[in-house]
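Colleague: I should be grateful for a close look at a single part of this model. Please choose one strand and describe its setting, its neighbours and the annotated positions associated with it.

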Amino acid sequence: MAVSTAAAQAGEPHRDRACLVLTTHAQPRDYGSCLFGEVMTGDGGGGISGGVAAAEYEEVLGRLSSLITQKVRAHSGNRGNQWDLMAHYLKILELEEPIARMKVIHVAGTKGKGSTCTFTESILRSSGFHTGLFTSPHLMDVRERFRLDGVDISEEKFLKYFWWCWNKLKEKIDDDIPMPAYFRFLALLAFKIFSAEQVDVAILEVGLGGKFDATNVVEAPVVCGISSLGYDHMEILGNTLGEIAGEKAGIFKKGVPAYTAPQPEEAMIALKQIASKLDISLQVADPLEPYHLKGQHLGLHGEHQYINAGLAVALASTWLEKQGHKDRIPLNRTVSLLNHVAFPKERWHNNFFCYDGIQDPLPDHFIRGLSNASLQGRAQIVPDSQVNSGDDKGSSLVFYLDGAHSPESMEICAKWFSHVTNDDRRLPPSADQTSKSQKILLFNCMSVRDPMRLLPHLLDASTQNGVHFDLALFVPNQSQYNKLGSNTSAPAEPEEIDLSWQLSLQTVWEKLLQDKGVNSANSSDTSKVFASLPLAIEWLRKNARANRSTSFQVKAFMGTQPFTRRNLHIDISYPL
Ligand SMILES: Nc1ncnc2c1ncn2[C@@H]1O[C@H](COP(=O)(O)OP(=O)(O)OP(=O)(O)O)[C@@H](O)[C@H]1O
Ligand SMILES: [Mg+2]
Ligand SMILES: [Mg+2]
């Protein structure tokens, strides 16, 4: 372990430090979630404050985690996995009718689902509607997954609806119909919440895949969307883009219009095949352009968000139109839909009519929605609350958090990091104005992911964009939390933690550096493995404090904790 010597090694006084913290995919209130918890609160996370409610909430989280520990059949992947049980659960919870009445927007995709849903929700809220948003995963608290009118559901309501669903299911389950697995339960809970709260629109993010996802019990959504497709969860969804696209297009329904973000040709062909089998219109939503926003910025950062925002505009506009609110949609869109037959040839891509009717800036309520949208841990910049304030003034430590976990997102994320750190005015003024910054990568990814598909992309894209990592830290997502609950508990002793995966990541990284000719006498100069996130963060803080002339920029990828999953016997097919 490099912990004890690390401070000295990073202590060269005349170099600034910057850290890119990259870990991938948070989990239900587990270690993945907690990196961000620790970074954002400085103490290991939020949660519910004391008293009876806290105890009850704790109990509820315990029940939820009992659903995670249920073994999901590993070999069956997401292909059904007793998907028909969902129909039984809906019956038990009397949700069939409410779901049939719900005005749903359904979004699948490899990347950008949560962002697209968040933009869509925000647009419709600022268009005057009462919204429900269901996304995954969460970072610090499971209630983040359920938003009512843009706000995480209150503890009180969460507890009320949780018990309602839990008790009803418990009453009826037997050997043939066991308790639903974790994500299925959460999806059922979302349906219950949104119907009881009588939302005007429910925006649902698919958990994993499409066809056999728990959210796909909705038979007649108003509109559905496919965000950017790429390679992820291949062990479940297939090895080619076509196969992956086919699985995601499992959310398409007869009579329901569908939109997609621009896709690679192979994916597009698969989407188109399924759409034409169902005889539905599939249109490509072009990315937004800055002029659509009249100088405003998107609420979620990074170039790729223009893609997600473009899809969100198409989804929100179609929803408004189908609900009879034509007065609230972008003007040119009406024209493009009515006259699309006459649309110029160059607006067709791969035989798709490309929806881009919006030549003018968007209506103000759309722009407001897009610029007010927020989602934690996606291209999020978090100046460290401890180091950048109080007695530590002059020290500088900033975390750049992102959840990229596919090759495409690695590149996009590297670009974003480069862009924001090359000119980051958010950094507190350094004591020594002549100092530079040091960039540090904090990385983890699930052991089911192939680091050779991620790290080379990250390194190449960073180099191309002028970012050179001075140091890479590999950590398990081990945190102060060791369960789903909001109470913190002591981290496992370092010696109990299996760091073999982090050591392999480090080896891959070092090999990549070597291939690129970055020579170092000692690999601990360029990378380190820490036994836990709190240790890594503590180390970063100590160094930032000790080196006031330096600013640390940490790029963090939130990662799925491989050991947790193994320890809990959670099947990788299990959507979080
Ligand atoms: N359109 C996009 N193209 C490529 N990468 C993207 C895109 N949108 C988002 N990303 C990357 O994916 C990360 C997660 O974004 P988001 O939460 O919107 O996606 P998601 O599909 O919900 O992901 P998850 O699989 O974690 O649920 C972002 O932080 C960013 O790195
Ligand atoms: Mg994913
Ligand atoms: Mg998501």
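Modeller: The account below concerns strand β6 and then turns to the annotated sites and the ligand. The model is a predicted one, and what follows should be read in that light.

The protein contains 19 helices and 17 strands. Of its 576 residues, 53% count as buried. Among contacts between residues at least 6 apart in sequence, 82% join residues at least 24 apart.

Strand β6 comprises residues 201–205, and five of its five residues are buried. Its side chains are directed to two sides: V201, I203 and E205 point one way, while A202 and L204 point the other way. Burial applies on both sides, to the charged E205 as well as to the nonpolar V201, I203, A202 and L204.

Two strands pair with β6. One of them is β2, residues 104–108, which runs parallel to β6 and is joined to it by four bridges. Within this pairing, V104 has A202 as its bridge partner in β6. The other is β3, residues 131–134, which also pairs with β6 in the parallel sense, again over four bridges. Here F134 is matched with L204 of β6. A202 and L204, the bridge partners of V104 and F134, thus point to one side of β6.

The strand also carries an annotated position. An unreviewed UniProt entry places the feature "binding site" at S136, E205 and H233. E205 belongs to the group on β6 that includes V201 and I203. S136 lies in the loop between β3 and β4, the latter spanning residues 146–148. S136 is classed as buried because 25 other C-beta atoms lie within 10 Å, where 20 or more suffice. H233 is located in the loop between β7 (223–226) and α9 (234–237). With 21 other C-beta atoms within 10 Å, H233 is therefore buried as well.

A separate description may be given of the surroundings of ligand 1. Of the 23 residues around ligand 1, G112, K113, G114, S115 and A404 come nearest. At least two residues of this shell are supplied by each of α6 (113–126), α12 (305–322) and α15 (407–422), and α15 gives the most, with four. By character, the shell divides into five nonpolar, 12 polar and six charged residues. Domain 1 (3–42 + 384–568) and domain 2 (85–372) each contribute at least three residues to the shell.

Technical notes:
Residues are numbered from 1 along each chain as its sequence is written. Chains are lettered from A and ligands numbered from 1 in the order in which they are written. This is a predicted model: local features need pLDDT of at least 70, side-chain atom pairs count only at pLDDT 80 or more; totals for chains, interfaces and linings use all residues. A residue is near a molecule or strand if its C-beta atom, placed from the backbone, lies within 6 Å of it. Domain bounds come from an automatic or database domain assignment. A residue is buried if 20 or more other C-beta atoms lie within 10 Å of its own, exposed if 12 or fewer, and partly exposed in between; C-beta atoms are placed from the backbone. Two residues are in contact if their C-beta atoms, placed from the backbone, lie within 7 Å. Two strands pair if DSSP finds at least two bridges between them. UniProt positions are given in the numbering used here, feature names are shortened, and annotations may be inferred rather than shown by experiment.
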